[in-house]
There are 2 protein chains.
Amino acid sequence: MEDGKITIFDVAERAGVSKGTVDRVLHNRGEVSAKSAAKVRKAIEELGYQPNLYASLLATRNAHVIACLLPEFAPGEYWERINDGMVLGGKQVASLNVLVRAFYYDQYDARSFRSACAELLASKPSGVVLPPLFMSDTLNFVQELQNYGIPYVYIDSKLEEDNYFAYYGMPMYRSGHLCAALLTERVAAEDVDEVAVIRINRDKNRQSDPTVSRRAGFMDYMATNFPECRISPLFINPSDEDGIYAALDEFFSEHGDLRYVVMFNSRVHLLNRYLEDHPVPGRRVIAFDNLDKNMQMLRDGHLSILISQHTEHQSRDAVVTLANYILMRQKPATRDNFMHMDILTRYNQENY
Amino acid sequence: MEDGKITIFDVAERAGVSKGTVDRVLHNRGEVSAKSAAKVRKAIEELGYQPNLYASLLATRNAHVIACLLPEFAPGEYWERINDGMVLGGKQVASLNVLVRAFYYDQYDARSFRSACAELLASKPSGVVLPPLFMSDTLNFVQELQNYGIPYVYIDSKLEEDNYFAYYGMPMYRSGHLCAALLTERVAAEDVDEVAVIRINRDKNRQSDPTVSRRAGFMDYMATNFPECRISPLFINPSDEDGIYAALDEFFSEHGDLRYVVMFNSRVHLLNRYLEDHPVPGRRVIAFDNLDKNMQMLRDGHLSILISQHTEHQSRDAVVTLANYILMRQKPATRDNFMHMDILTRYNQENY
DNA sequence: TATAATCTCGTGCACGTGCACGTATACGCG
DNA sequence: CGCGTATACGTGCACGTGCACGAGATTATA
């Protein structure tokens, strides 16, 4: 330690109280008179007391909790990867007496989100990791965290506010750009007259959809480089497989030989059966995220390109970063951490 | 801590020795019979004992040392920025009982490098940060670190070996690419028939010059995109100001209206007086690193573009990363950490 | 004023390790 | 056999904090 090693005893002595009282003030757990508290705070100030992290860490009996607020998921889904990363990070920090706990909610039910928030807060976490799926509810929630002084880290996407501790995710807007660039590269401009954008029905009503800015990036690129091109949306219902098939069938018959198809979320596998049954020469399909089913489509040639990332690193790094801060007060070098966007084709998809 | 909290006492008991002996084995500081040591190691193995970091950290009396091996520098030089970053990182980890110490050498004298290495080792560091300026000497040195089990982090550039703990620096090859691309953008191909590359005399004989791969990146780009273009080198002696002036004068008279000039190290300010005295319309000068003198040239219009980075972050992050590993056994998320390459012109150089 | 209830605060142990210190044993030598 | 020395090992304290326990002080109630 530095030479001027000021301990809790020094503070207690100067304030004319015992170290127990100083400790109570430090962790404001009450049972201290206003007068004593003032004296203690004054002494801390005057001496420039800094608690010894190591001693504190050694003496703490119950582990620090890092809480993750995640949507429920089925095997193979995008959020499973996020969950995997959380578990990975949890293992890494387990030896440091940090416990990672997950709180799940239904991503289509704001009420379940709010009740998960309440449950999470009850666990008295020292830090929180969350993707901001419901915008206004998330804003309320992080405001509350802010009040408690609990740092939180966004993953997947982030909101436009300035109190988050860090962010780990894909650069959403740029990924839309990339998607558009890949869709249209080495193609004559007049050839790209219409693009199909397949979207999820329920997402229409979501308060916050992370793919919004990705779509914006895509649109902006197209507007700049292919101003004549029409963008035709088709909404599908993910839980109605036959409905999807029929909808696609109808859509593509109406739109003739439309050969450009993109999808901004991870669910392109919903199109698999239709695309398989209706091959179109020269069709170009670009989508996101390396779910197993999507990778299979890539291998089968029903998908031209998959824009992907190491999803699990988002949550893993978020957890580790948070642990470092909670334990050692170390802030990350960069607040916004963008994952690399990997471009996968059927020829480079192995061993990813 | 986890439930299975195995302490040094448990190990001692199982091995039939005292905790003192176990401690001696753990930190192999000798004074243990081979027989006892074997028993202790067996017990550790069987119990899966993991020392409690916090207790260890609390009990350790003398601080961990992170040693930085840097070239001496004059105020305003590139290495001063690196040094600043080291100091910054040192402040950040000081409260964690980690001490950052610098060992300096003359970057043009391999013997002074070697003696600095010896001095450094004598300080028994827990980790080392270094730019690999002398290739073969550095290789010998890191081999020795390896033997002692001391992790080391490269900054600035790195060697082609695989035992380093991490790397923080600019992507040298790509920065050469970028330089070439910026030099030639929006210029007709037939216009770029010759480029002057100003180099430092003494660097010719250096065993390892970090700018080698930058130059390679530049050359490769030019060979691909401007195969007809001649690349004309001029070597100057940094300590002979008048000689530089004369050499430049002679060189540019001989090479007519050569308008493309690049320099791969941070010393473009050495050209300032000449460039100022001999303005050439349409001349394009691109160089590296935001030293104060270089920034002034940018403002004065004697420099077209400066490719720069936040140099001080290299050493700062290296120190912090190493501290995290030494104290908490946390490895960085990525081993090779490339700084962002910033493109500075006279119009965006403010507040950098 | 006596007694109970509440609030405030001091005491002391536990956390697990590092290391200084001192002791026991073995060995060599005269 | 006595003594010195080197090696091997055990003991005990220090590190600074968290928190349970209970004592003392203050206030409320009868």
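## Chain A as a whole

In this predicted model, 70% of the contacts in chain A with a separation of 6 or more link residues 24 or more positions apart. The chain carries 13 helices and 12 strands, and its C-alpha trace spans about 85 × 40 × 35 Å along the principal axes. Of its 352 residues, 40% are buried.

## How the two copies sit together

Take chain B, turn it by 180 degrees with a shift of 0.0 Å along the axis, and it lands on chain A with an RMSD of 0.1 Å. The two copies are thus related as by a two-fold rotation axis. If you want to find that axis from chain B, look for B:Y54: its C-alpha is the nearest one in the chain, 2.7 Å from the axis.

Where the chains meet, 19 residues of chain B are in contact with 19 residues of chain A. On the chain B side, α4 and α13 (311-328) each supply at least two of the residues that touch chain A. That side is made up of 11 nonpolar, 6 polar and 2 charged residues. The copies meet through the same surface, because 100% of the interface residues of chain B are also interface residues in chain A.

## The surface near DNA strand D

Now for the DNA. There are 27 residues around strand D, and those that come nearest are A:I8, A:A55, A:A59, B:S18 and B:G20. Both chains pitch in here: α2 (19-26) and α4 (53-59) of chain A, along with α2 (19-26) and α4 (53-59) of chain B, are the elements giving two or more residues to this surface. The biggest giver is α4(A), with 4 residues. Sorted by class, the surface near strand D has 11 nonpolar, 11 polar and 5 charged residues.

## A buried loop residue

A:V17 sits in the loop between α1 (8-15) and α2 of chain A. Buried or exposed? A:V17 counts as buried, because it has 20 C-beta neighbours inside 10 Å, and 20 is the cut-off for that label.

Beyond its neighbours within four places in sequence, A:V17 is in contact with A:A12, A:V22, A:S36, A:K39 and A:V40. Among these, A:S36 is 19 residues away along the chain, yet the C-alpha atoms of A:V17 and A:S36 are separated by 7.5 Å.

## The nonpolar cores

The largest nonpolar core has 88 residues, and the members touching the most others are A:V153 and B:V153. Setting aside neighbours within four places in sequence, the contacts of B:V153 include B:V129, B:Y164, B:F165, B:A166, B:Y167 and B:Y168, and also B:A318, B:T321 and B:L322. Apart from this core lies another one, of 38 residues, with B:L178, B:I198, B:F264 and B:L270 among them.

## Helix α12 of chain A

Helix α12 of chain A runs over residues 292-300, and its buried residues are A:N294, A:M295, A:M297 and A:L298. Looking down the helix axis, these buried residues fall within an arc of 155 degrees, so they line one face of α12(A). As a rule, an α-helix has 3.6 residues a turn, so residues three or four places apart point the same way.

Covering the buried residues of α12(A) are elements including α11 (272-277), β9 (284-288), β10 (305-308) and β12 (342-344) of chain A. On the other side of α12(A), A:D292 and A:D300 are exposed. Just after the helix comes A:G301, with a positive phi of about 85 degrees.

Key. Residues are numbered from 1 along each chain as its sequence is written. Chains are lettered from A and ligands numbered from 1 in the order in which they are written. This is a predicted model: local features need pLDDT of at least 70, side-chain atom pairs count only at pLDDT 80 or more; totals for chains, interfaces and linings use all residues. A nonpolar core is a set of buried Ala, Val, Leu, Ile, Met, Phe, Trp, Tyr and Cys residues joined through C-beta atoms within 7 Å. A residue is buried if 20 or more other C-beta atoms lie within 10 Å of its own, exposed if 12 or fewer, and partly exposed in between; C-beta atoms are placed from the backbone. Two residues are in contact if their C-beta atoms, placed from the backbone, lie within 7 Å. A residue is near a molecule or strand if its C-beta atom, placed from the backbone, lies within 6 Å of it. Ala, Val, Leu, Ile, Met, Phe, Trp, Tyr, Cys and Pro count as nonpolar, Asp, Glu, Lys and Arg as charged, and the others, Gly among them, as polar. Copies are superposed by least squares on the C-alpha atoms of residues with pLDDT of at least 70 in both. The arc is that of the directions from the helix axis to the C-beta atoms.
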